Amino acid sequence: MKLLLTSDTHYGHSAKTHQIHEKFLARLAREVNEHDVQAVIHAGDWASNRQDQFYRTMKMFRNALPGIPILAVRGNHDLWQVGKTKYARMQMHQHLMDQHQAWFKELDIHHLENGPKVIGDVIIMGFDGWYNLANPPTNDADRMVSNIEGVPAMTYLAGQVYKKLDDLLLTDVSAYRKSVMVTHHPPFTEDPYYLDYCANANYFQPIKDKFDVFCTGHSHHYWNETQDDCLILNSGSHYDKPKHIIFDV
């Protein structure tokens, strides 16, 4: 079974973003047909800095790839809302979450946070992911809601992520021939400087021990290697240079 992975397409990054996405998605559509791809996985950062971008790019993916499962997790940029647009009212975190779920349903895109996707004898699971540090040196805090349920947003999101991942690691996947894990923030890096921008490194080994394939994004760094019998993938997309990987499970 062949699956296609992409991430960090960052719709809205430049004035050429729509044209770049049209060409990229036309290429994906051709390769999905040529290689008999069974599902497309997007590992987050669909958008650049606004909610209208998040909706628009997901709609472009669905229009370009009709009839094929599209599986999604969200990246940090997918929670951003910069500038005064008709989506500026989505300052309440729960409002934002509710709107995202409505968009996923409308566009028939499966948000892996809502549960796994089973295709044949392969189970695909995922979670949105977050940083290792509660306050990483990023622009996120200035472009997202400041707190959620009275808790600083970064701390709240990290707590939710660890709870979700703990549940996934306890899930019995023995009934399936292969298992795939998807998240946005990788819990590994070769660059010591980048450690602050990664997920909790303590989870890397348990994920490798449990799953056959581990799909990530966020770092914009291409990764395609096997460690401890787990295939670790990152398409290496970098803003206006979207990329993808087709892999066989």
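Which residues in H1 meet which residues in H2? Keep that in mind as you go. The model on screen is predicted.

**Stop 1: the two helices**

Select residues 17-34, helix H1. Add residues 51-64, helix H2. The two pack at an angle of about 30 degrees. Their axes lie 9 Å apart. Angles under 35 degrees count as roughly parallel, so H1 is roughly parallel to H2. Turn the view to see the crossing: H1 passes H2 in a right-handed sense.

**Stop 2: where the helices meet**

Now show side chains. From H1, pick His-18, His-21, Glu-22, Phe-24, Leu-25, Leu-28 and Ala-29. From H2, pick Arg-56, Thr-57, Met-60, Phe-61 and Ala-64. These two sets meet each other. Colour the contact by class: seven residues are nonpolar, three are polar and two are charged.

**Stop 3: His-111**

Leave the helices and select residues 110-111, strand E4. His-111 lies in this strand. Is His-111 buried or exposed? His-111 is buried, with a relative accessible area of 2%.

Next, display the side chains of Gln-101 and Asp-128. The side chain of His-111 makes a polar contact with each: 3.1 Å to the side chain of Gln-101, and 3.0 Å to the side chain of Asp-128.

**Stop 4: around His-111**

Widen the selection to the residues that His-111 touches, leaving out those up to four places away in sequence. Ala-72, Val-73 and Arg-74 are among them. Phe-104 also touches His-111. Gln-101 and Asp-128, the polar partners from the previous stop, complete the set.

Notes
Residues numbered from 1 in each chain as written. Predicted model: local features only at pLDDT ≥ 70, side-chain atom pairs only at ≥ 80, totals over all residues. Heavy atoms only, no water. Axes fitted to C-alpha atoms, helices over the stretch in contact; angles between N-to-C directions. Helix = DSSP H or I, 4+ residues; strand = E, 2+ residues; numbered from the N terminus. Parallel < 35°, antiparallel > 145°, perpendicular 65-115°, else oblique. Left-handed = near helix turned anticlockwise from the far one by under 90°. Contact = heavy atoms within 4.5 Å. Nonpolar A, V, L, I, M, F, W, Y, C, P; charged D, E, K, R; others polar. Buried < 20%, exposed > 50% of the residue type's maximum accessible area, 1.4 Å probe, protein only. Polar contact = N/O pair within 3.5 Å; in protein donor to acceptor, adjacent residues only side chain to side chain.
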